[in-house]
Each structure stands twice: as C-alpha cells, then as structure tokens.
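Please look at the chains below and at how they meet. A short report follows.

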Amino acid sequence: MSAFLTSSLMHNIFGGLAQGVVYSLVALSLVIVWQSTHVLNFAQGAMAMFATYIGMTEIDRGIGYWWCVIISVAVGMIVGGLTERVLIRPLYGKPEINPIVVMVGFLGVLEALSAAIWTSSTRNIAEPFSQIFYHANGNLVYLSPFIIFQIILAICIMLLVAALFRFTRLGLQLRASALAPEVSRLLGIRVSRMLTIGWMLSAGVGAIAAVIQASGSFGLFPTNMDGIFVAGFIAAAVGGLESPIGAVAGGLLIGLAEQFILAYWSPNVAPLGGIIILVVALMIRPQGLFTKHAGRRV
Amino acid sequence: MDWWRSFFRQESTHSRLIGVTALAALTLAITFVLPPVANSELAGGAAIAIVILGLSWLIGWSGQISLGNSGFMAVGAYAAGIWAHHHNTTPLVFTLALAIVAGGLSGLIIAIPSTRLRGPYLAGLTLAFAAAVTPIAQNFTSVTGGEGGIFLNSLVTPSWFGHLFSGANAVINANAQWTADLAVVVAAVSFFFMANLFHSRTGRAMRLVRDNDVAAELMGVDLLRTRSSAFMIAAAYAGLGGALYSLLEASVRPETFPLTLSITLLTLMVLGGIGTLSGAVIGGIIYSFSADLVAHVNSLTGVNPTSNLGANMQGIIFGVLLILTMMFAPRGLVSLRTPIQKLFRILRPRRQTPDLGELH
Amino acid sequence: MTLLSVSALALGGITTGLLSSSAGAAGSTPGVSANSITIGATVPLSGIAVSYAPVSAAANAVFKWVNAHGGVNGRKIKYIRLDDCYGLASYGLGCTAGASVTTLSQNQVLVAQDHVFATVGSLGTAAEESVEGYLKQNGVPQLFVNSGSKAWDDPSQYPDLFGYQTSYNAEGKIFAEFIKTHYAGETLGFIGQNDDFGANGLLGLTDGGVNVASANALTYNTADAITGSTSDIQADVATLQASKCQVVVLDSVPPFTTGILEVAHALGYSPTWIISSVGADPTSVNFAGEAGAYTLDYFPSVTDTGDAWIPWTRKVLLADKTDFPTFTSSSIMTGNELYGVGYAVEFVEALKAEGKTVTRAGFVKSLLSATFSGPAITPLKYSASNHQGLQGGVIAKIDANGSKAPVNATPVNGTVFTTGNSKASPLKTTTKLTISPIPSWLK
C-alpha cells in the first residue's frame, strides 16, 4: 500500500487533484454567474484576489486565520453584489461584447489597485496547516496536511452550493429566475434581487478559491489568479457554462491533465493541456460536454 | 470645405491611397521635430496601431471577440525573430512577410474551432491561447532563446538617412527617427490595405454575418469561411505588428507579450473606437505616449511616480477609461463630437450599417 | 507620394538646420563637460531582482565620496540610475517603474535625453543583451555589465563592451573542479535560469569535466512567478529528488534560490547545494536552510576587517546618508555593496588615468592596458582579446547563524582558482589572494 502511495502515478494524481479543486471552484463561480445573468465574468479571479487581500491582511493585525477567511468571503460577496448593481445592470440587453469589455476593464483596475495598495510583490500567508509532505517507509507521499485541507474545503463548498440550489427556497428562486425570468416575476419572485444574489454567491465561491491559492506555496500577489482564471474558464467551458457538475468535473480534468504534462513533458507546456482538452471538447460539443440543451442561443 | 470632404468621401482606392498617404506624410513630418525619445515611443505606437487595427476589424466588422492578440503578436515576432537571427541580411520586407504568414496561420488554427463558438467561449479560448504561447516558446530554448529571448540587429539606419543629420547627437537622432519613419511607413501600408478591405465585398459580407448570420447564409455567404478569414486577417495584422515591435526592440523576449498586453490592446481599441481606422490611429497614439500621459497625471496629482500608486497609475487609468468608455461612449473617443473627429472622418467608412443590396 | 516627399523634404531641411545649430559643438564627447561627467545605468531598483539594488547604490556612494574629495581631474561624476525591473516590468512582480518600462526604453532615455558618456554597471544578463545593439549603434560604451554572461567578452563584435565579474562559464569550471575533488562519483543535478545565465553556467560545468545527465539539467523561468498555475521549481526539485541527485548546482537569482531551497526543505530533500555567486548572497536569500551551501566568492568576507577594503567600504557607505540612510557602523554589509564598490573604483581609476581630455575611444583604449585596484581578491585585467573582467574566485561556505538566516560566507581554504571562458583555457590555482592597497587619493 505504501509503495502505491509513494509511486509517481499517485504523486501526479494527488498534485492534479489539489490544483484541480481550485480550478473547479473558479469554474463553479463562473457557472453561477453565467446561469443567473449570462455574463462571463472576466474579473472573477481578480475580484477574488482583491477580497483575499482585504481579508488576509487582517492576519497582520493578529486576527486568526479562520476569521480572515470569513472576512475574505464576506468582502468577496459585497464586491460581487456591487459589481452586478453598478457595472453589469446597465448593460443588460446590450451586445454581448459590452459586459465582456467592462469586466476586462474591471480586471485591470482591480489588479493595478491591488498593486498600488499592497505592492505587487508576493506576500506569503501563514497557512493553517503544514505544507511539508508526508513520508511512508522513508519515501515521499505527495500529500501534505495543507493539500488535504484544501481538497476537503473545496468539496465542502461544492456540496454547500449544491445543497443551496437543490434544497432551499432561495435556491429554487435562483434557479427559477435564471430559467424563466418572466414567469418568475409573475410568480412574485424579485428577479433583479436574485441576479444580485447570484453574483454574490459566485464571488463568495471565487474568494474561497483565491484564499486556498494564496495560502499555498505560491502566495498572494495581484496577478496570482490570472492563470487560475484561465484554467477555471477552460474547465467551465469544457463542462459547459450551464452545468455546475460539468464545471467541477472540468476543473479536476484540467488539473490532472496539467499535472501529467508537467511531470512527463515540461512544466512550460502544461497550459497546452487545457487548450487541447478545450478544443477537442468544443469540437465534439460546442456547448460543453455536460450541457443538456444543445440549442443555440441567438 | 465641402469639396475637400466630398473628395475624400469618394470611396475609390485612389482617394483612400491619398488619404492614408497624407496622414503618413504628416506623421513623417512630425518625426523631424520630435525629440529622439519621443520618436522611439512613436515607433512602438505605430507597430501597436497595426495590431489594434486587426483587432478592430475582427470585433467591429466580423463581431467575433479575441483576447488572444498578444499571442498572435508573439507568433509573428518569433517567426520573424528566429529567421532574422539566422539570416541577418534578409530584406526587411521578407522578414515582415514571414511574420504575416505565421500570424495568419496561427489565426487559422485558432479559427477552426473558434468559428463554431460565440461570445464568451470564443473570448475564453483566445485568452487561453494567449496564456499558452509564451510559456511554450520558452520551452524550446534552443530555438527561441528561452526566457532570455533572441537578440536582433536588423534595423540599421542607412547611411543616406544618417547624412541628413549633423551635430554632436546626429547619430542618436538619426537612429531614433529612422525607426519611427520605418514603422510609420509599414503602418501606413497596413492601414491602406485595411481601408480597402473595409470597402470590399468581403467587408460587406462580414458585416452582414455580424448582424444577421441567418440572413447572410440565405444569401449564399459561407459563414465558416467568412468568419475564419476574419480571424486570419486579424491574426496576420497582429503578427506583423508583433514582428515590427520586436525588430524595433531589437529582441524577441517572452516578457514583451504578457497576458495583460491583450487587455491593453482591447482597451486601446475600445478607447479609439471599434471598427474604424481612426480608432486604431488614436489607440496607437495613446499607446505611444501613455507613459508621458501617466507621468503628467502623476505630476498633476502630486503622486510620486516611483511609489506603488504612481507605478500602477497606468493600469488604474486605463481600466477606468475602458469601463467608462464602454458604458457611456461605446463607439470610442472617435464618436465624441470634436473638431478632430471631422478631420478623422475622411478615413472612416461611410456607412456603419450593412446594406443588403450591395451583396449582389 | 508627392505629398509625402514634399512635406518630408521641406520639414527635413528645416529641422536638419535646427538640429545642427542647437546641438552644440560637433566633436565634443557626450556627457563630458569641463567640470562634470555624466554616466548612467539601468538597474533593478524594484521588482523581482530588487535585492541587487544596493550594488549600484554602493557604486553611487563611491562616486559621491570621490566628488566630495574634489572629483576626478576637476570633474564631478553624475551617476544616473534608472529602474528597469530586471527587464521584467511588464510582469509586475513588485516593479514600481511602470509596466511599459523596458531596459531598452530606459537606455534610450539615458542615451538620447541625458546624453550619458557611457553606461556603467547596468545589471542583468538578458536585459543587457537586449540593448547591446542599441548602445553599439549609438556609439555608447557599455561598461562593467553586472552579469557573468560571457556575452560581454566579444571584442570583435562589441569593442566598447566590457564585463566585470567572473563569468558563469569560469564559475562552472571552478565548481566542476570542486566537485571532482570533493564529490567524485556522486550524482549531479542542475537548475538554471532559462537564459544565458543558466546556459553559460551549465556549459562551464561540462567544460570543467563533470557530467550532468540531461534529465537532471533543469531550468526555471522567472515568468512562472506570475501565473501561479504551474510551478517550474517544484517540478524541478521533485525531479532531482526522484533522480537521487546528491550535489545540486544552482544558477538562480536570489528569490528563486530561496524558492528552490524552501521547496526542497518541504520535500525533505537535502543535497549538497552549490550556488552561483550572484544567487547565494545570504542576506538576499534570507533562509536559514542555506547554511552549509557552497558558493564562489571574488570578494573578501564582509566580516574580514583585516582586508582594508572592508572598513573603507563601511566608511564610504556611512558617509552616504541619501542612499544608505539607515546604515550604521554595526549594519551587516553584503557582497552586493563590495560589488558596487569594485566597479565604481575601477571606473574612477580609469577616468583618473585619462587626464583632462576624456573621449570614449581613449577611455576604452586605456581600459585595455590599465591595472586596477579594488576589493576583488582575484586579478581584474582586460586585453584586446579579453573583455570579461575578473578571472576566478574562491569556494566559500555559507555560515550557520542559529535559526536565523545566514549573513556570511567564509572561504573554505586558501585556494584561489582562475580560469577563462573557453574550454581550452586552463584552470590555475594559487594560494595567494590578490589584495590591492587602497590608492592614497581615495582614502
């Protein structure tokens, strides 16, 4: 058993899953926003990064790690809600390029603003769990307490989101507003409020992803979510922007693919893995692998 | 002035040639009075204007979005750079042609899956492409020089040009102005071709596809071919601009093409005005002198330019401008009623809406 | 075309006249006036290589010291240092120079706006390679480049280009000799920066006669610090660990040295580390786990007060309240400051030897025949066929400092290695350090 755990195959699987769950969370947050407002939020990663900066710098004031996580998520949700109200709401009904461009602009503002406030140097955050890998019979197991923590936290968040949408009244209203806004409005659901809540939820999930990423060995810096966003987007597109389960599966797939390319070819070509998967998936099903309705929106 | 306007509104190749030439001549004349540092900045701006024009064509005329133009620039730059590194005596025209072909081919490869995609999927795929190009280039160190890059000495000021200058700083002034003039001429040729493309059958078909692809298909327009050719042309322009930029920089290095460059390009295009020649000119001018602009803002507001805020002022200003422009003047600075607009109008396409009748 | 040529020619004629009348007397040397000489450098004052910032600051302190004592032949030295963020401004990474700054754009400012006599001590392998052509084309000498690339030793192509430090090739050859003597038969690994820094270092190891299996000769990109999606150094370290490499040579800048050592620590991997002189400075690396690693030194130990250059450097830095405001008599000095002092003293001595009339051609010519003093413990010598600079160094071991980061490296024994760039250039050893006295006029 320990020989199996220390094998290079398991090393790559653990490494791929650890990175994959972060992609999955970003993909999930993109899908939530897409479902509620049909906007692809290019500032998703930057918004999460910004929230993480505000939350995690509280550690410097002696506030505990977990409180800082909660602050990050809360700030993320507030930023998400405000973004929908101020930047996105005026653009409903405009050509689809308009919200994309506005969110790209917002991405630029957030990254520059963060660098102006907190500098663009890497900031290491004291992680709650050790990042030193386990050993078995003198050989390395490519799992650390921190990696186990990040996988478990990500799974909990995904289950929480699933439960919210499936079993709560709010979740039902959110789904109804996304599927049939006109009917929902007639039934007394305040659709515009649901759109804002969708953005808040999405930004909260994104903030968790950024917190995990920043607590890991890469640390926190203004562009630290750029690569994660690209991979998260690819994951969401592979799964189909309509499908939360597809987003999660897509994230894990991209994470594993990158890890195996990194290990068996070169770290530099790892981003290629995501693109190849995306192109193949989109050639097979242009609306994503997990989307049920293949009809095109005009 | 009516005769002037009507003359340029004649949509003949001839009038466009004269229009572009006049603008280029004006710019060339200006390079004689600019200080050498400003000439170097202008040269970079001319190269970037070519890329912006391609992007403007793609988004404004074919309705497809690309966040991958920094990637296409890198492809063109590496193609030209690798060639020029080994064949230093190749005429510049050939090196640049190589970049156009390489950029166009990369555009075609991306276009094949892309033409089946709309909006967000397309934006994301091109973004992923831009994110992957430079790491992949770095992987093949023996060909691309890895992270260090390739160093070029292809742009040598000809002696006849150098002889126009005298004085203690003659060499410096001549070199800076030669690069600026060269870049302006290459940009002018690219602008002339695009001006003709706007008014060609392809251009009209493109707008029809953008506005109503079902109708276009009914009228016999091949959607796949039209969309992928739009991508190819935009990528070829990006390849040319990227190669020219790298020749001016005398090196091809991965850090010239960060992901943020795609965002900068989009910003400049939107600021100038989507789908117009003058928008690309304005975008290029803003790029050229953005550092001076930011320095000016810093000195106006009393911000220390080497503080964190001062160093990131450009990102903040560009981002805010992009958001405000898209929300309040989505057709860009060119749509604002100013005297400059009248000057630039001579270069704008006459009609912004497609005319179905023209397709026959 | 008529419009174009007419306006161009007309304006051209006017401006050519303007330029020639306003540009001052033809034939005078740029940057040199009767009472001043202006030189420049592009250096990282912020960003990923900011730990090198003290190098040019120390050089500037020397110039200020010289100016305060009457200057050189009646001329005060004005040293303009512009931040180019190691040529990586577009990536951010703590850079405060602005995202659009490049090494070339900053050199254009130095040359075309500030009219410097020469660039002196500009830093970075790839960054300086990217401006070689520009400086040559505009006739500006590129002196004492702060990098050990062998690219600076190319007199036939770049006659006005000079290096300063021991080349990464020579360093690699010396490391190879050290490995053959003390770690014969052990498995070797290598991680280098993916530019000429890493490439030259690896070539030096091979030329020196040790073999690094190609699967264990790895690179990292500084750009990977910005994407956060994949990590070169984690994969690199894991590969070397899996290959059971017992000796690992690093050609990395300090933040990446730190990163590699930290990753190895997390993986429970502890080979013998041999780190390039430019990536080993303990204060810059700032990681307790660096203790015990070996490096190459071409300066005396900063705690060696027996070497007259150490107290002199401290005196010069103490006098500079602008660039070293918090420096006290008990502050820790690093190899960075000695490096800056080294090339600044070299420049001042060469300038002094020039006398009252200073020209670019004359200055470059006299560099070839001059002998220099300075803090370096190996000879500094140029010739018509060799523009590299220092020729070797001593192997030093990073000292332990409790649980805190180490602050010093101590020479292992008295052996001084000297060699050149090429494979054929022999490796010589001596036990005698080159300790040059401080010229009386500098004291």
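The report covers two chain contacts, one residue and one pair of domains.

This is a predicted model, in which local features need pLDDT of at least 70, side-chain atom pairs count only at pLDDT 80 or more, and totals for chains, interfaces and linings use all residues. Residues are numbered from 1 along each chain as its sequence is written, while chains are lettered from A and ligands numbered from 1 in the order in which they are written.

**Three contact sides**

Two residues are in contact if their C-beta atoms, placed from the backbone, lie within 7 Å. Nonpolar means Ala, Val, Leu, Ile, Met, Phe, Trp, Tyr, Cys and Pro; charged means Asp, Glu, Lys and Arg; the others, Gly among them, are polar. The table splits three sides by class.

| Side | Nonpolar | Polar | Charged |
|---|---|---|---|
| Chain A, touching chain B | 29 residues | eight residues | three residues |
| Chain B, touching chain C | 22 residues | 21 residues | four residues |
| Domain 1 of chain C, touching domain 2 of chain C | 19 residues | 14 residues | five residues |

**Chains A and B**

Chain A brings 40 residues to this contact, and chain B brings 38 residues. Helices (H or I, at least four residues) and strands (E, at least two) are DSSP runs, numbered from the N terminus. On chain A, the elements giving two or more residues are α5 (97-118), α10 (226-239) and α12 (270-284). The largest share, 16 residues, is from α5(A).

**Chains B and C**

Here 47 residues of chain B meet 54 residues of chain C. Elements of chain B that supply at least two residues include α2 (13-31), α3 (36-62) and α9. The largest share on the chain B side is six residues, from α2(B).

**Residue B:I172**

B:I172 sits in helix α9 (residues 170-198) of chain B. Beyond its neighbours within four places in sequence, B:I172 contacts B:P36, C:V111, C:A112 and C:N138. B:V37 is 135 residues away from B:I172 in sequence, yet their C-alpha atoms are 9.6 Å apart. Is B:I172 buried or exposed? B:I172 counts as buried because it has 24 C-beta neighbours inside 10 Å. The cut-offs are 20 or more other C-beta atoms within 10 Å for buried, 12 or fewer for exposed, and in between for partly exposed, with C-beta atoms placed from the backbone.

**Domains of chain C**

Chain C is assigned domain 1 (36-166 + 304-390) and domain 2 (168-301 + 394-442). Such bounds come from an automatic or database domain assignment. The two domain centres, taken over C-alpha atoms, are 24 Å apart. In their contact, 38 residues of domain 1 meet 36 residues of domain 2. On the domain 1 side, α13(C) gives the most, with four residues.
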